[in-house]
Amino acid sequence: MIIAIDGPAASGKSTTAQLVAERLGYAYLDTGAMYRALTLKALRQGVNGEDEERLCQLASSLQLSFSLKDSRLKVIMDDEEVSQKIRSSQVSRMVSLVSRHPKVRRIMVDRQRRFGEKGRVVVEGRDIGTVVFPQADLKVYLDATPEERAKRRMEELRMGGGNSSLEEQLAAIVDRDRLDSQREDSPLRKAEDAVLIDTTHLSIEEEGKAVLDLIKRRG
Ligand code: CDP
């Protein structure tokens with residue numbers, strides 16, 4: 001069984017996907033974390049977001065491993081823990097530029113498919129139900145108003161010790177949504193057969209339960 005969860009920035013994908021994976025004992029893949037890690041590497045090496053060839057070289061040589069610990073995703077890139085660093089606003093600002101290149105996506109999507117081949121996996125991202133696993137057994141598209149998503153992201157950043165205003169977060173989220181949904185290759189959109197869940201007024205528990213109920217019904 002493959003469960004695909006897509007949706008825009010801060011729509012609750014990660015929390016929901018992790019919760020569902022834990023409850024079912026499934027593997028969990030955060031494809032956004034993959035694009036973020038690649039972006040961090042590009043920033044560190046001074047690679048321009050326009051330089052598709054260099055980005056491809058980085059994507060091919062990137063060593064990544066993920067594990068879930070106490071409901072938190074631990075990301076190891078080239079032997080270094082980067083779980084927090086990939087969430088910085090600098091990375092968030094550049095990631096949509098890096099992820100829009102078709103050749104870069106091909107490398108990442110290959111890796112994602114290899115990960116999912118074994119089945120029993122929850123995969124989250126932007127193009128999972130449309131491109132990466134169009135044959136997924138269950139497709140969910142999570143959405144919420146931009147204001148609610150900005151509020152959630154701001155709280156997340158504050159809990160991590162960062163500081164940011166609601167206006168700043170709203171502008172960053174709207175900008176990333178625009179880039180992600182207007183790119184030519186694999187834009188963010190709901191697959192026709194995905195179930196839409198509006199999470200604006202849902203708690204994390206309610207969101208998780210909604211997806212688990214869907215899985216039970218498909219059972
Ligand atoms: O967690 P958040 O909603 O902020 O975003 P993310 O899932 O970490 O994804 C970060 C960025 O990676 C997105 O804004 C996209 O540009 C890119 N991405 C993508 O292009 N395709 C995916 N399957 C997942 C992420």
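Visitor: Which residues does Ile204 touch, not counting residues up to four places away in sequence?
Guide: Keep in mind that this is a predicted model. Ile204 lies in helix 9, residues 204-218. Leaving out residues up to four places away in sequence, Ile204 touches Thr15 and Leu19.

Visitor: Is Ile204 buried, partly exposed or exposed?
Guide: Buried would need a relative accessible area under 20%, and exposed one over 50%. Ile204 has 43%, so the label is partly exposed.

Visitor: How far apart are the C-alpha atoms of Ile204 and Glu22?
Guide: Along the chain, Ile204 and Glu22 are 182 residues apart. In space, their C-alpha atoms are separated by 14 Å.

Visitor: What should helix 1 span at 1.5 Å a residue, and what is the distance between its end C-alpha atoms?
Guide: Helix 1 has 12 residues, 13-24, and the expected span takes 1.5 Å times one less than the number of residues. That gives 16 Å, and the end C-alpha atoms agree, being apart by 16 Å.

Visitor: Which residues of helix 1 are buried, and which residue just after the helix takes a positive phi?
Guide: The buried set in helix 1 is Lys13, Thr16, Ala17, Gln18, Leu19, Val20 and Ala21. Just after helix 1, a positive phi of about 70° is taken by Gly25.

Visitor: In what order do the 5 strands of the parallel open sheet lie, and which strands stand at the edges?
Guide: The order is 2-6-1-7-8, with parallel pairing. An edge strand has a single partner strand, so one side of it is left without a neighbour in the sheet. Here that goes for strand 2 (27-30) and strand 8 (195-198).

Visitor: How many bridges join strand 2 to strand 6, and what is the bridge partner of Tyr28?
Guide: Strand 2 and strand 6 (residues 121-125) run parallel and are joined by 4 bridges. For Tyr28, the bridge partner in strand 6 is Val122.

Visitor: Which strands of this sheet does helix 1 touch, and which does helix 5 touch?
Guide: Helix 1 packs on the sheet at about 175° to the direction of strand 6, touching strand 1 (2-6), strand 2, strand 6 and strand 7 (138-143). Helix 5 (residues 102-116) also packs on the sheet, its direction making about 170° with that of strand 2. The strands helix 5 touches are strand 1, strand 2 and strand 6.

Visitor: What about the open sheet of 3 strands: what is its order, and where does a positive phi turn up in the hairpin of strand 3 and strand 4?
Guide: That sheet has antiparallel pairing and the order 3-4-5. Strand 3 and strand 4 pair over 6 bridges, and Lys69 has Arg72 as its bridge partner in strand 4. The hairpin has 2 residues between the strands, and the positive phi, near 50°, belongs to Asp70.

Visitor: What covers the buried residues of helix 4?
Guide: In helix 4 (residues 89-98), the buried residues are Val91, Ser92, Met94, Val95, Ser96 and Val98. Their cover includes helix 2 (31-44), helix 3 (52-61), helix 5 and helix 8 (166-182).

Visitor: How many residues surround the ligand, and how far from its oxygen atoms are polar side-chain atoms of Arg126, Arg153 and Asp180?
Guide: The ligand is surrounded by 19 residues, the closest being Arg36, Arg105, Asp127, Arg153 and Asp180. For Arg126, a polar side-chain atom lies 3.0 Å from an oxygen atom of the ligand. For Arg153 that distance is 2.6 Å, and for Asp180 it is 2.6 Å.

Notes
Residues are numbered from 1 along each chain as its sequence is written. This is a predicted model: local features need pLDDT of at least 70, side-chain atom pairs count only at pLDDT 80 or more; totals for chains, interfaces and linings use all residues. Side-chain values use heavy atoms; hydrogens and water are left out. Buried means under 20% relative accessible area, exposed over 50%, partly exposed in between (1.4 Å probe, protein chains only). Two strands pair if DSSP finds at least two bridges between them. Contact means heavy atoms within 4.5 Å. Axes are lines fitted to C-alpha atoms, for helices over the stretch in contact, and angles run from 0 to 180 degrees between N-to-C directions. A residue is near a molecule or strand if one of its heavy atoms lies within 4 Å of it. A polar contact is a pair of N or O atoms within 3.5 Å; within protein, one must be able to donate a hydrogen and the other to accept it, and residues adjacent in sequence count only if both atoms are side-chain atoms.
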